[in-house]
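Here are some questions and answers on one protein chain. Read each question with the structure in view, then follow the reasoning to the end of the answer.

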Amino acid sequence: VGDLERLSAVVLTLPAFLLMRANNRVENGRLHPVLSSMFRVTDGVRMVMHYMLFIDVNEPTRPPDAPITSREIFSYAERNAVFLSDHGVCAGPRVMIEEFLRILVDGESIEGAESVVLDDPLESALTSIEPSFDYALYGLQLHAIVFVLWNILTRTYEQLCAIVEAWPAEKSEFFAKFRQRLYDAVTFMRTHSYIGTEESRMRRDQVFADMYAKSACGLGFSSSPTTLSECLTPVWEAHDGEVLEQLCSLLQQRLCLGTAPENSASESLAGCVMDYLRQERAVVRAAWEIQQRINHLLGRSSPGRPLTGWDLYIYYELQEARRRPPYLLAVLKEEIGVRINITHDTIQITDSMTG
């Protein structure tokens with residue numbers, strides 16, 4: 001299943017690469033109809049693989065190394081209404097869909113293929129297969145890096161809830177609002193998201209790890225991390241100690257009454273948040289590095305400002321708007337007045353209540 005998702009992705013990125021590269025770009029509306037049609041039919045396979053790997057609403061997800069046949073794909077799509085959407089239905093006749101799947105998945109030969117003469121734009125497109133495949137594999141790595149962060153986020157919410165539940169000190173009004181937001185986040189992710197249990201998060205971790213490692217193998221870079229865990233291992237930077245002290249002080253000020261002494265709970269809370277911030281910085285750093293490679297591959301100039309964790313959340317929000325838990329940094333800002341910004345090499349904390 002994981003291999004077929006990657007195969008679908010590399011097929012999709014041949015036309016995408018032609019449209020996105022800076023030099024010799026195919027302008028909007030000028031893509032050859034064979035390429036645009038190839039994109040549409042192959043994207044249906046990618047969608048089914050995505051459901052199999054990530055969506056367990058109607059039946060259990062499958063591990064990335066699970067074997068799959070063309071017949072099973074069609075049957076799965078029918079059982080799970082993948083041919084239907086909010087905007088219409090798949091217009092392809094069953095016999096044509098099955099034929100396409102047998103060719104793509106089972107390797108069935110195409111009758112008369114040897115006599116086909118390709119148009120010049122198609123012959124030209126074939127010369128871009130190597131960079132377009134790199135584009136696909138970088139994109140898959142980037143997807144794995146960004147989306148594994150939300151598994152980390154949901155685990156952090158559960159840890160924070162356990163800490164505030166055992167809070168020993170006198171509590172402020174900020175504390176009550178903050179605790180409620182944490183409880184709401186945990187309730188939402190358990191009832192509305194696809195990552196509400198540790199079992200579901202572990203399954204997704206497995207898919208993301210496979211996606212990253214197999215893409216790294218395809219790219220063939222021996223100097224880059226070959227596993228997702230290596231790529232996302234957080235490091236302790238020189239300024240992290242100051243950041244932790246600042247965070248602990250602000251949480252103490254906001255969550256405890258003014259006369260309350262410092263307590264171990266606020267230190268535990270700050271430590272838990274800091275662990276998450278360092279992990280998010282590792283994610284931003286890895287995403288930033290791969291995006292630099294993508295920019296180089298496309299001949300695109302580097303952005304004028306650094307990538308931030310807020311940018312990654314916007315991407316996530318657009319992808320899974322109805323099932324996303326709130327962003328922890330947004331909760332800290334809105335309920336406690338602690339503004340945090342993370343780039344590939346910094347964690348910046350400001351008190352938004354004092355400007």
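**Cysteines, helices and strands**

Q: Is C248 buried or exposed?
A: The model is a predicted one. A residue counts as buried under 20% relative accessible area. The relative accessible area of C248 is 16%, so C248 is buried.

Q: Which cysteine has the sulfur closest to that of C248?
A: A disulfide needs two cysteine sulfur atoms within 2.5 Å. The closest cysteine sulfur to that of C248 lies 9.3 Å away, which is too far for a bond. That sulfur belongs to C256.

Q: How far is the sulfur of C272 from the closest cysteine sulfur?
A: C272 is buried, because its relative accessibility is 8%. The closest cysteine sulfur is in C161, and it is too far for a bond. The separation is 10 Å.

Q: How many disulfides does a search of the whole structure find?
A: A disulfide is a covalent bond between the sulfur atoms of two cysteines. For C248, the closest cysteine sulfur is too far for a bond, and for C272 this is also the case. The search of the whole structure gives a count of 0.

Q: How far apart are the end C-alpha atoms of helix α1?
A: Helix α1 covers residues 2–20, which makes 19 residues. At 1.5 Å a residue, the helix should span 27 Å. The distance in the model agrees with this: 25 Å.

Q: Where in α1 does the kink lie?
A: The kink in α1 is about 35°. A proline, P15, follows shortly after the kink. The residue at the kink is L14.

Q: How many of the 19 residues of α1 are buried?
A: Helix α1 is largely enclosed by the rest of the structure. This follows because the buried residues of α1 number 14.

Q: Is N24 buried or exposed?
A: N24 lies in the loop between α1 and α2. N24 has a positive phi of about 60°, although it is not a glycine. A residue counts as exposed over 50% relative accessibility. N24 is at 60%, so N24 is exposed.

Q: Which residue in the loop between α3 and β1 has a positive phi?
A: The residue is not a glycine, and its phi is near 55°. Its relative accessibility is 36%, so it counts as partly exposed. The residue in this loop with the positive phi is A81.

Q: Which residues does S70 contact, leaving aside neighbours within four places in sequence?
A: S70 is placed in helix α3. At 8% relative accessibility, S70 is buried. Its contacts are L101, R102, V105 and D106.

Q: What distance does helix α4 reach from its first C-alpha to its last?
A: Helix α4 runs over residues 94–106 and has 13 residues. The span expected at 1.5 Å a residue is 18 Å. Just after α4, G107 takes a positive phi of about 80°. The helix itself reaches a distance close to the expected one, namely 17 Å.

Q: Which residues form the covered face of strand β4?
A: In a regular strand the side chains alternate between the two faces of the sheet. In β4, residues 347–351, the uncovered face holds Q348 and T350. The covered face is made of I347, I349 and D351.

Q: What is the bridge partner of I342 in β4?
A: Strand β3, residues 338–342, runs antiparallel to β4, and 5 bridges join the two. The strands form a hairpin with 4 residues between them. In β4, I342 is partnered by I347.

Q: Which residues does E280 touch, not counting residues up to four places away in sequence?
A: E280 is in helix α11, residues 264–298. Its relative accessibility is 0%, so E280 counts as buried. The residues touched are L149, G309, Y327, L329 and I342.

Q: What share of contacts between residues at least 6 apart in sequence join residues at least 24 apart?
A: The protein has 13 helices and 4 strands. Of its 355 residues, 45% count as buried. Among the contacts in question, the share is 73%.

Conventions
Residues are numbered from 1 along each chain as its sequence is written. This is a predicted model: local features need pLDDT of at least 70, side-chain atom pairs count only at pLDDT 80 or more; totals for chains, interfaces and linings use all residues. Side-chain values use heavy atoms; hydrogens and water are left out. The expected span of a helix is 1.5 Å times one less than its number of residues. The bend at a residue is the angle between axes fitted to the seven residues ending there and the seven starting there. Buried means under 20% relative accessible area, exposed over 50%, partly exposed in between (1.4 Å probe, protein chains only). Two strands pair if DSSP finds at least two bridges between them. Contact means heavy atoms within 4.5 Å.
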